[in-house]
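Reader: I am new to reading protein models. Could you take me through one, feature by feature?

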Amino acid sequence: MHDFRQEFPFFNNHPECIYLDSAATTHKPQCVIDAITHAQEISNANVHRSSYHLAATVTEQYELVRTRLAQLIHAPASQNIFWTKGATEALNLIAYGLGELCLAQHPLWQGNEIIVLTSEHHANILPWQQLVQRINQIRLKTTQDKSIKKLRVTTVSPDMQGNYQYDDVYDAITDDTALIAVAHVSNALGCIHPIDLISRKAHQHKALCIVDGTQALAHISVDVQTLGCDAYVGSSHKMFGPTGVGFGYGTYELLNALPPYQVGGEMIEYVSFSASRFQSFPYKFEAGTPNIHGVLGFGAAIDFIETHRDEIQTTENQLFNYLLMQLSQITQVRILGQDNTHKISLCSMVLTHQHKPLSHYDVLRWLDNANIALRVGHHCAMPLMQHLQLDGTLRVSLSAYNTMSDIDRFIATLKDAIQHLIVENHADSIHADSIDGVIVSEHDVKSVLLPLARQFGVLQGYENIFRQIMLSSKALPQLSADEQIESYHVAGCEVDVWVKYVSQSDSFEAFANSKIIRGLLAILLEKANALSHQQRAQFDFAQYLTELGITHHLSQSRVNGLSRVIAQLSA
Ligand code: PLP
């Protein structure tokens, strides 16, 4: 088997890191790093502007990447590809332009409905939601014609286990459907959607099929003409390439019709104060100096994928089957979308013990401490989590640079974390006095009866601090379940957090779905509830956590989340 790992310098620099988050971004092989360095050190000039030799050479290399990408996804010509800074920008560009076509009653836009799958990434939901709001508002102001229907976004959902019945998708498409926006591969479930069938059905009803291919291209072969979609977008950084580069593919008819999204240099044919003319596609979508070095680096990533395509797929399949086999032996693990037979090497799971959820965030802390990098949460697919009634999942996403021993270590640490949380939860569920030394030591129980902060001064090391924070959670003045409502919800935290000020007692109550966060809240509330309103306003809660030796054990996102809580305590 090809040793992919040795091609990725990241792993030389972090031999201890087990990286299971390739769906967030992939690591970069040496050839990509070399191409970017070469571009910066040797072939640096702007593209398309000057005809001197260096600029012409760089322009040629830059345009060659467009051709290579067109070949990778089997687009009819390089002109069908336009560059963006990512999949998100490509989707926004297409959605903006389609909104304009709708307003202009262009024949490509027929109908009043945009269908999206509930599991779409926010990048493939929000542009459509915005389109609908924008066009409805404009029409409300400008047309008296009451027969024009409002646009709407409708959704098709998987079942509660995360499995799609694709007949539901085909049946949802009708003559009133203007377009369906669908991921080729779901970043939250890992399933590969049958784009060819979806676009065929869409076209039968004169609807467009716009595909978000962001999670597909590093894993499976893509032929946009066989898929039959009208547009397809992706991001270089999920394909072993650099960040800041993405692309959109569109059919001739679509790209020809779409108006520019931004205007400026590069994309013009002629400019004067009386009238200006723009270039044809793809250049009309590429105002300003593009990410030239990024595109050249992406070119090397495309070559890497082309060269290793079969080995990447074989390696990922072997790793993924091994992962699934290992996970199937852990009774607390439930994998979402397990009936989907076509999947990439990505698996989203929830953890439960005796029908109660185990907090993914607490598991994440355990894994993070063992240098295992993966993602928990909503994965930018909040509507899916709302539909599945989950506050998030634990997602493992593999790439060919992972190894069997990565999986072994992940499984062993996951089992440890689960065991640890089960013990902790059990200790929570019985009264502290009756906890025997097998579950949690007497010293631990006593420690929570003492003021929480006092416990931290003497503690050293992450393990001990972590444990003490978990123990502190038991002392949190808890907000009851029926008060965990929108008005007490603190936005911007990693997990759902609610904080309520109780004016009668001049004190706070709070709750969070993660035990660690409950512990941190307990420490903060212990202090806040001991201070007067005026003292709270002046007290530096962030510094307090630092002095207790806690802050440097927290991730930046957790610190950011806590700062929102602190803002409420100090208000
Ligand atoms: N679509 C999917 C399915 C994704 O997974 C992501 C990123 O995670 C995006 C779109 C957005 O990609 P980017 O942030 O590179 O624009």
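Reader: Into which domains is the protein chain divided?

Author: First, a caution: this is a predicted model. The chain has domain 1, made of 2–26 + 308–418, and domain 2, made of 433–570. Note the plus sign: domain 1 is written as two stretches.

Reader: How many Å separate the centres of domain 1 and domain 2?

Author: Taken over C-alpha atoms, the centres are 29 Å apart. Now look at the contacts. Domain 1 brings 7 residues, and domain 2 brings 13.

Reader: What area is buried between domain 1 and domain 2?

Author: About 960 Å². Carbon and sulfur atoms give 51% of that area. On the domain 1 side, Tyr 361, Asp 362 and Arg 365 lose the most area to domain 2. Together they make up 59% of what that side buries.

Reader: How many residue pairs are in polar contact between domain 1 and domain 2?

Author: There are 4 such pairs, counting residues at pLDDT 80 or more. The touching side of domain 1 has 2 nonpolar, 2 polar and 3 charged residues. Yet the salt bridge count across this interface is 0.

Reader: And how many disulfides does the rule count?

Author: Start with the idea. A disulfide is a covalent bond between the sulfur atoms of two cysteines. Here the count is 0. Take Cys 229: the nearest cysteine sulfur belongs to Cys 209, 6.1 Å away. The cut-off is 2.5 Å, so this pair does not qualify.

Reader: Is Cys 229 buried or exposed?

Author: Cys 229 is buried, at 2% relative accessibility. Cys 31 is partly exposed, with a relative accessible area of 32%.

Definitions and conventions: Residues numbered from 1 in each chain as written. Predicted model: local features only at pLDDT ≥ 70, side-chain atom pairs only at ≥ 80, totals over all residues. Heavy atoms only, no water. Domains from an automatic or database assignment. Contact = heavy atoms within 4.5 Å. Buried area = accessible area lost by both parts, 1.4 Å probe. Salt bridge = Lys/Arg side-chain N within 4 Å of Asp/Glu carboxyl O. Polar contact = N/O pair within 3.5 Å; in protein donor to acceptor, adjacent residues only side chain to side chain. Nonpolar A, V, L, I, M, F, W, Y, C, P; charged D, E, K, R; others polar. Buried < 20%, exposed > 50% of the residue type's maximum accessible area, 1.4 Å probe, protein only.
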